[in-house]
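Me: I am new to this structure and would like a close look at a single part of it. Please take one strand and its surroundings, and go through them step by step.

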Amino acid sequence: MRTRQTPRRLADLLDGGSLYRVYRGQILSRQDILDIATVGSGPGARCEVTLSEDVIRTLPTPRRAFQGWRYLAAADAPPDLETAGLANDAPPDLVKRLRELGAW
C-alpha cells in the first residue's frame, strides 16, 4: 500500500501494528503491518507499507472513514472474529446486526 505521509509513530506500527479497513462506516478487517519504508525524496516522496497477505476479519465496529494515519489503542481496536468466538465464515451482515442488537 502506498500513501503520502510516513507515520510519526513508526516504531509502534512495526511492533505488532495492523492496518484496519473501514467499509461503509464499519471496521471489518485488518492486515498486519510487516514493514514501512519512505520511497523517494522531496515532494515526490511516498510511504510504502508492506502488509501481510492474510486479511483478518474483525467484529464490525462503527468508525467514520478517515484520511491519513490513525492510531488505535488496544482497548479501541476491534477484536478478531475468531478471537470473539465467531467463525470467520459468518456473514458480515449477520455479525453487524448481532453487534447492533447487543447480542455479541
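Reply: Leaving aside neighbours within four places in sequence, I27 is in contact with Y20, R21, V22, T58, L59, P60, T61, R63, L72 and P78. The model is a predicted one, and every value here is computed from it. I27 has its place in strand β3, and β3 covers residues 26-39. I27 is buried, because its relative accessible area is 3% and the cut-off for buried is under 20%. Among the contacts of I27 is L59. I27 and L59 are 32 residues apart in sequence, yet their C-alpha atoms are 7.6 Å apart in space. Another contact of I27 is V22, and V22 has I27 as its bridge partner in β3.

That pair leads to the strand next to β3. Strand β2 takes in residues 18-23. β2 and β3 run antiparallel and are joined by six bridges. The two strands form a hairpin, with two residues between them. R24 is found in the loop between β2 and β3. The phi of R24 is positive, about 50°, although R24 is not a glycine. R24 counts as exposed, because its relative accessibility is 87% and the cut-off for exposed is over 50%. I27 in β3, by contrast, is buried.

Further along β3 is Q31. Q31 is buried, with a relative accessible area of 11%. Not counting residues up to four places away in sequence, Q31 touches G17, S18, L19, R21, L51, S52, E53, D54 and V55. Two polar contacts of the Q31 side chain can be set out in turn. One goes to the side chain of R21, at 2.9 Å. The other reaches the backbone oxygen of S52, at 2.8 Å. R21 is also on the contact list of I27.

S18, one of the residues touched by Q31, lies in strand β2. S18 is buried, because its relative accessible area is 16% and buried means under 20%. Neighbours within four places in sequence aside, S18 is in contact with R30, Q31, D32 and I33. With two of these residues the side chain of S18 makes polar contacts. The side chain of R30 is reached at 2.8 Å. The contact between the side chains of S18 and D32 is 3.2 Å.

On β3 there is a second pairing to follow. β3 and β4 run antiparallel and are joined by six bridges. They too form a hairpin, with six residues between the strands. In the turn of this hairpin, G40 has a positive phi of about 85°. Where the two strands pair, T38 stands opposite C47 in β4. One residue of β4 has come up already: L51 is among the residues that Q31 touches.

Strand β4 covers residues 46-51, and its side chains alternate. C47, V49 and L51 point to one face and are buried. R46, E48 and T50 point to the other face and are not buried. In a regular strand, side chains alternate between the two faces of the sheet. β4 also pairs with strand β1, residues 2-3, in the antiparallel sense over two bridges. Here T3 stands opposite C47. C47 thus has T3 opposite it in one pairing and T38 opposite it in the other.

To place this part in the whole chain, start with the order of the elements. From the N terminus on, they run β-α-β-β-β-β-α. That comes to two helices and five strands. The chain has 104 residues, of which 27% count as buried; I27, Q31 and S18 are buried residues. Of the contacts between residues at least 6 apart in sequence, 52% join residues at least 24 apart. I27 and L59, 32 residues apart, are in contact as well. The chain exposes about 7200 Å², and carbon and sulfur atoms supply 48% of that area.

Two remarks on rings complete the account. There are zero aromatic pairs in the structure. R9 lies over the face of Y71, 4.3 Å from the ring centre.

How values were computed:
Residues numbered from 1 in each chain as written. Predicted model: local features only at pLDDT ≥ 70, side-chain atom pairs only at ≥ 80, totals over all residues. Heavy atoms only, no water. Pairing = 2+ DSSP bridges. Helix = DSSP H or I, 4+ residues; strand = E, 2+ residues; numbered from the N terminus. Buried < 20%, exposed > 50% of the residue type's maximum accessible area, 1.4 Å probe, protein only. Polar contact = N/O pair within 3.5 Å; in protein donor to acceptor, adjacent residues only side chain to side chain. Contact = heavy atoms within 4.5 Å. Areas by Shrake-Rupley, 256 points an atom, 1.4 Å probe, with all protein chains shown as cover. Phe/Tyr/Trp six-rings, centres within 6.5 Å; stacked < 30°, edge-to-face > 60°. Lys NZ or Arg CZ within 6 Å of the ring centre and 35° of its normal.
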